Amino acid sequence: MTTLFSPLQVGPLHLPNRIVMAPLTRNRSPKAVPGPLAATYYAQRASAGLLITEATAISAQAQGYADVPGLYAPEQLAAWKVVTDAVHAAGGRIVVQLWHVGRVSHTSLQPGGQAPVAPSALVAKTKTFVVEDGVGKFVDTSMPRALDATELPGIVADYVRAAHNAIHVAGFDGVEVHSANGYLLDQFLKSGSNQRTDAYGGSVPNRARLLLEVMAAITQDIGGDRTALRLSPVTPANDVTDADPQALFTYLAQQLAPMGLSYIHIIEGSTGGPRELPDRPFDYAAFKTAYTQAGGRAAWMLNNGYDKALAEQSMAAGADLIAFGKLFIANPDLVERLRTDAALNAPDRKTFYGGGAAGYTDYPAL
Ligand code: 8OZ
């Protein structure tokens with residue numbers, strides 16, 4: 001019987017178990033450079049089958065929050081190399097999550113104080129976090145400007161450069177493209193945020209075009225077996241909505257299947273919230289069937305509010321990997337605790353975003 005503790009080969013990586021550390025924004029990277037405690041934090045969690053980093057900006061334009069890391073400047077790549085070396089020395093495996101926030105940003109976080117970019121000039125009804133005069137505060141996101149189609153190849157190139165440098169300079173074992181939670185690629189996918197009338201808006205194939213171009217270009221550079229994708233079919237996070245998510249994701253499943261991706265990572269329901277959304281129904285099993293029937297072979301990773309019992313239930317129904325978020329913040333040795341049914345440390349919400357060692361590297365192991 002396959003359990004959370006069964007090994008799994010994912011592309012070139014041998015995972016000793018099915019327990020994945022979900023990507024978790026921690027806002028401890030001043031000037032977008034991973035901070036001095038990041039290596040300790042990730043290495044403490046190296047017994048995970050796989051570590052996924054916090055969302056990491058592919059360019060300065062891709063930044064949308066204070067103190068989140070990037071992967072586009074030499075000092076950022078060098079700081080990430082310290083992290084990947086520490087994780088590998090501790091026996092772990094780590095992939096980096098590639099992020100462009102699109103409209104979920106603020107002029108004060110953008111190069112030259114310019115407007116954030118988006119598929120369409122529609123403001124997201126959501127907040128972002130900025131630091132002014134040393135004081136952090138939540139602010140409304142700024143009105144974005146619509147990207148010109150001539151700018152899109154440059155964004156694809158930013159993704160490819162980040163993926164290439166992630167593998168060849170920063171020492172990561174792979175990349176996960178963040179196309180979830182209402183950020184740029186999700187903004188293009190979903191009809192509520194994409195009102196374009198060119199080849200990147202309107203029909204499902206048009207709205208999926210940018211994501212598929214990004215995935216094709218990255219897999220061509222670093223290989224499909226080092227490339228993964230995160231999706232959130234129905235999350236309302238960051239004010240995204242789609243008129244017919246089942247049709248959109250069925251098309252995506254068919255187009256992604258031949259790319260040879262390492263894994264597909266799905267957030268079920270509302271990110272960090274309810275797993276069932278009565279007003280946003282979605283058939284996850286049908287999405288997976290569409291993918292496998294089109295020949296897709298990627299490992300199937302699920303996330304959102306999992307505990308051991310629910311993980312085992314989803315694995316019995318065919319999931320290959322389960323990503324745990326808040327539990328991994330609070331339990332560096334989560335794998336051992338789940339294996340032995342030990343008590344779990346409770347996460348402290350007050351230290352999720354920003355700060356230093358408290359609530360970051362000081363949660364005790366058993
Ligand atoms: C929490 C705070 C800021 C960003 C996501 C990258 O939701 C995030 C994020 C989460 O995917």
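In this predicted model, F138 is exposed, because its relative accessibility of 58% lies over the 50% cut-off. F129 is partly exposed, with a relative accessibility of 22%. That value falls between the limits of 20% and 50%, so F129 counts neither as buried nor as exposed. F129 and F138 form an aromatic pair. Their ring centres lie 5.0 Å apart. The angle between the planes is 65°. The pair is edge-to-face, because this angle is over 60 degrees.

Aromatic pairs were searched for across the whole structure, and 15 were found. Another of edge-to-face geometry joins F352 and Y353. Here the distance is 6.1 Å from centre to centre, and the planes stand at 85°. F352 is buried, because its relative accessible area of 6% is under 20%. Y353 is exposed, because its relative accessibility of 54% is over 50%. The pair formed by F352 and Y353 therefore joins a buried residue to an exposed one. One aromatic cluster was also found. Its members are F249, F282, Y284, F287, Y291 and W300.

Y353 also belongs to the surroundings of the ligand. The other residues around the ligand are T25, A55, Y65, W99, H178, N181 and Y183. By residue class, this shell holds five nonpolar and three polar members. No charged residue is part of the shell. Two of the shell residues, H178 and N181, place polar side-chain atoms by ligand oxygen. For H178, a polar side-chain atom lies 2.7 Å from an oxygen atom of the ligand. For N181, the distance from a side-chain N or O atom to an oxygen atom of the ligand is 2.8 Å. Both distances are within 3.5 Å, so both pairs count as polar contacts. The ligand exposes 300 Å² when taken alone. The protein buries 78% of that area. The space that the ligand takes is the largest pocket.

How values were computed:
Residues are numbered from 1 along each chain as its sequence is written. This is a predicted model: local features need pLDDT of at least 70, side-chain atom pairs count only at pLDDT 80 or more; totals for chains, interfaces and linings use all residues. Side-chain values use heavy atoms; hydrogens and water are left out. A residue is near a molecule or strand if one of its heavy atoms lies within 4 Å of it. A polar contact is a pair of N or O atoms within 3.5 Å; within protein, one must be able to donate a hydrogen and the other to accept it, and residues adjacent in sequence count only if both atoms are side-chain atoms. Accessible areas come from the Shrake-Rupley method with a 1.4 Å probe; for residues, only the protein chains shown count as cover. On a 1 Å grid over the protein atoms alone, a cavity is a set of points where a 1.4 Å probe fits but cannot get out, and a pocket is an open set with protein on both sides within 12 Å along at least five of seven lines; lining residues have an atom within 4 Å of a point. A molecule sits in a cavity or pocket if more than half of its atoms lie within 2 Å of its grid points. Ala, Val, Leu, Ile, Met, Phe, Trp, Tyr, Cys and Pro count as nonpolar, Asp, Glu, Lys and Arg as charged, and the others, Gly among them, as polar. Rings of Phe, Tyr and Trp (its six-membered ring) pair if their centres lie within 6.5 Å; planes under 30 degrees apart count as stacked, over 60 as edge-to-face and the rest as tilted. Buried means under 20% relative accessible area, exposed over 50%, partly exposed in between (1.4 Å probe, protein chains only).
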